[in-house]
Each structure stands twice: as structure tokens, then as C-alpha cells.
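Me: I am new to this structure and would like a close look at a single part of it. Please take me through that part slowly, in connected prose.

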Amino acid sequence: MDDEPLSEWAKRRDERIGRLRAVPLVSGDVPKASHLNPDSPRAIQRWNGYTWEPHGTAANLAEVRRLLYPRDERPPTAPAPEPQPLRAGRGRHRKPRPGE
């Protein structure tokens, strides 16, 4: 019997351990999508390999995004491309002038 598919599955499972997610703390039968109710507090949960467990809280959606998706503060390594001005002429996709 080949254990390679099982070991690959275990590796993928273990990679997800420690993953965080945020759940809105709203009451009632309302949609709980992450982009709805941006001002409501959020519970941050951590995946332990078997179930989501409480990890922390956040005041609103903006704070959750800062915690879960921190920005990379390093400056870009490649220089920004220089803008190229339009060349003279009508161009292939430009409207013809009346009489042309």
C-alpha cells in the first residue's frame, strides 16, 4: 500500500494549522459575511488542526484586516515605469475626423 497520498494530505493539513479567521459578532439571523457590518466587532479564531478556537478580538473590519493581512513595509525593488506620452498621428483605434 502506498502511503504517499496520505502523507501529502497530512502535510497540507499541517500547513493550515495556525491559520486565522475573523467572524463578525452580530446577533440574530443576519448574514455573517466578512464585508457586511464593517463597524461590528469581530472574534478572531485560530485553526488548531481539528476545530476553530478563540484567539482574540478586534473592534471592526479595518482592524481585522490590519491584523490578518499586514502590509509589507519594504520599498519596491524595481523602479516604477516611466509614462509614455501619446505619439503624433491618428492611431489605429481613434475616431476619424469628419472628412477623413
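Me: In the hairpin of β2 and β3, which residue takes a positive phi, and how many residues lie between the strands?

Reply: Residues are numbered from 1 along each chain as its sequence is written, and the side-chain values use heavy atoms, with hydrogens and water left out. This is a predicted model, in which local features need pLDDT of at least 70 and side-chain atom pairs count only at pLDDT 80 or more, while totals for chains, interfaces and linings use all residues.

The residue you ask about is G49, whose phi is positive and near 110°, and the hairpin of β2 and β3 has four residues between the strands. Helices (H or I, at least four residues) and strands (E, at least two) are DSSP runs, numbered from the N terminus, and two strands are said to pair if DSSP finds at least two bridges between them.

Around this hairpin there is an open sheet of three strands, in the order β1-β2-β3 and with antiparallel pairing. Because β1 and β3 stand at the edges, each with a single partner strand, one side of each is left without a neighbour in the sheet. From one strand to the next the twist averages 35°, where axes are lines fitted to C-alpha atoms, for helices over the stretch in contact, and angles run from 0 to 180 degrees between N-to-C directions.

Strand β1, residues 20-24, pairs with β2 in the antiparallel sense over five bridges, and β2 in turn pairs in the antiparallel sense with strand β3, residues 52-58, over six bridges. One can follow a path across the sheet, since V23 has A43 in β2 as its bridge partner, and A43 has T57 in β3 as its bridge partner. Beside these, I44 has G56 in β3 as its bridge partner, and Q45 stands opposite P54 in β3.

Strand β2, residues 42-47, is mostly covered, with five of its six residues buried; here buried means under 20% relative accessible area, exposed over 50%, and partly exposed in between, with a 1.4 Å probe and protein chains only. Q45, which lies in strand β2, has a relative accessible area of 19% and is therefore buried. Taking contact to mean heavy atoms within 4.5 Å, and not counting residues up to four places away in sequence, Q45 touches R19, L20, R21, V23, W52, E53 and H55.

Among these, R21 is found in strand β1, and with a relative accessible area of 34% R21 is partly exposed. R21 and Q45 are 24 residues apart in sequence, yet 5.3 Å apart in space, C-alpha to C-alpha. Apart from its neighbours within four places in sequence, R21 is in contact with A43, I44, Q45, W52 and L68.

A positive phi also appears in the loop between β1 and β2, where N37 is found. Most residues other than glycine have a negative phi. The phi of N37, a residue other than glycine, is nevertheless positive and near 50°, and N37 counts as partly exposed at 37% relative accessibility.
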